[in-house]
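Q: Could you walk me through this structure? I would like to start with the annotations and then move on to pockets and a few single residues.

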Amino acid sequence: MTVQQSGRRERKKAATRQKIADTALRLFLERGYDAVGIRDVAAEADVAVTTLFSHFACKEALVFEQDEDFEHRLTRAVTDRAPHEPLIPALRREVLALVRHCTADGAAPIWRMIDASPALRKYDESVRLRHAEALAAAIAADPALTRSETAARTLARFVIDAYSLSREASDPEAALDEIFPMIEAAWHAARPARHT
């Protein structure tokens, strides 16, 4: 297969995935999350149920379609920061961008739907825990950050909670301005990792 064919195939897969996600979200918002089944989404998106499941592991994942991108953005805030750039400002900048995205016009009905559904709230919690673990792994793997694995995991949880709390706040940026100095103080208070 040539590079051009591979690129075309990847674009087609991405377009199909986006079409499924957009269709699902529209149906969920129109009819209610619990009133729409996987078969409804597949039929409306004009794909087979097996195609839908090749892109999304479960119904809840259709609502959190950008989940993997968010996780990569958080880890890249650690791994792609400039040499000698402090960690906490890099994380704050990325969390602010994510919060702005998730509080943009049109996002409120989606969050109301998530808050109203026990299944979606549970899935959201599992996503946040997975993001925290991925972020903690990126922090722990950075040789310039000489903190313990426990400190990395704690910081990652704080950052993910900062995202959630800020997203829910009436003034998300002010919430981040209040939360991140506490996160920075906790990071600086953490002892360097012991090397055995």
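A: What follows takes the annotated regions, one helix, the pockets and some single residues in turn, and the model is a predicted one.

Q: Which residues does UniProt list for "domain: HTH tetR-type"?
A: The unreviewed UniProt entry places that feature at residues 14-74. In the model this span is 75% helix and 0% strand, with its end C-alpha atoms 21 Å apart.

Q: And where does the record put the "DNA-binding region"?
A: The unreviewed UniProt entry lists residues 37-56 under that name. Over residues 37-56 the chain is 75% helix and 0% strand, and the C-alpha atoms at the two ends are separated by 14 Å.

Q: Let's look at helix 2, then: which of its residues are buried?
A: Helix 2 covers residues 38-45, and its buried residues are I38, V41, A42 and A45. Because they cover an arc of only 95° around the axis, these residues sit on the same side of helix 2. An α-helix has 3.6 residues a turn, so residues three or four places apart point the same way.

Q: What is exposed on the other side of helix 2?
A: On that other side, R39 and A43 are exposed.

Q: Which residue follows helix 2, and what is its phi?
A: Helix 2 is followed by D46, which has a positive phi near 60°.

Q: Switching to pockets, what volume does the largest one have?
A: The largest pocket has a volume of about 530 Å³. Its lining is made up of 30 residues, and those that lie nearest the centre are V63, Q66, F70, H101 and C102.

Q: Which elements give two or more residues to that lining of the largest pocket?
A: They are helix 1 (3-31), helix 4 (59-63), helix 5 (67-79), helix 6 (87-102), helix 7 (108-116), helix 8 (118-141) and helix 9 (149-168).

Q: How does the lining of the largest pocket divide by class?
A: There are 19 nonpolar, five polar and six charged residues in the lining of the largest pocket.

Q: What about the second largest pocket, which residues lie nearest its centre?
A: In the second largest pocket, which holds about 270 Å³ of space, the residues nearest the centre are R81, E85, P86, L87 and L145, out of 19 that line it. At least two lining residues come from each of helix 5, helix 6 and helix 10 (172-189), and by class the lining has 10 nonpolar, four polar and five charged residues.

Q: Now T75 in helix 5: buried or exposed?
A: T75 counts as buried because its relative accessible area is 16%, which is under the 20% cut-off. Apart from its neighbours within four places in sequence, T75 is in contact with A134, L135 and A138.

Q: And A119, where is that found, and how far is it from K59?
A: A119 is found in helix 8, and its C-alpha atom is 9.6 Å from that of K59, although the two are 60 residues apart in sequence. With a relative accessibility of 33%, A119 counts as partly exposed.

Q: Last one, R191: what is it in contact with?
A: R191 is placed in the segment after helix 10, and, leaving aside neighbours within four places in sequence, it is in contact with T146, R147 and S148. R191 counts as exposed because its relative accessibility is 65%, which is over the 50% cut-off. The C-alpha atoms of R191 and L29 are separated by 47 Å, and these two residues are 162 residues apart along the chain.

Note on methods. Residues numbered from 1 in each chain as written. Predicted model: local features only at pLDDT ≥ 70, side-chain atom pairs only at ≥ 80, totals over all residues. Heavy atoms only, no water. UniProt positions renumbered as here; feature names shortened; annotations may be inferred. Helix = DSSP H or I, 4+ residues; strand = E, 2+ residues; numbered from the N terminus. 1 Å grid on protein atoms, 1.4 Å probe; cavity = no way out; pocket = protein on both sides within 12 Å on 5 of 7 lines; lining within 4 Å. Points joined across faces, edges and corners; volume = space filled by probe spheres on them. Nonpolar A, V, L, I, M, F, W, Y, C, P; charged D, E, K, R; others polar. Buried < 20%, exposed > 50% of the residue type's maximum accessible area, 1.4 Å probe, protein only. Contact = heavy atoms within 4.5 Å. Arc of directions from axis to C-beta.
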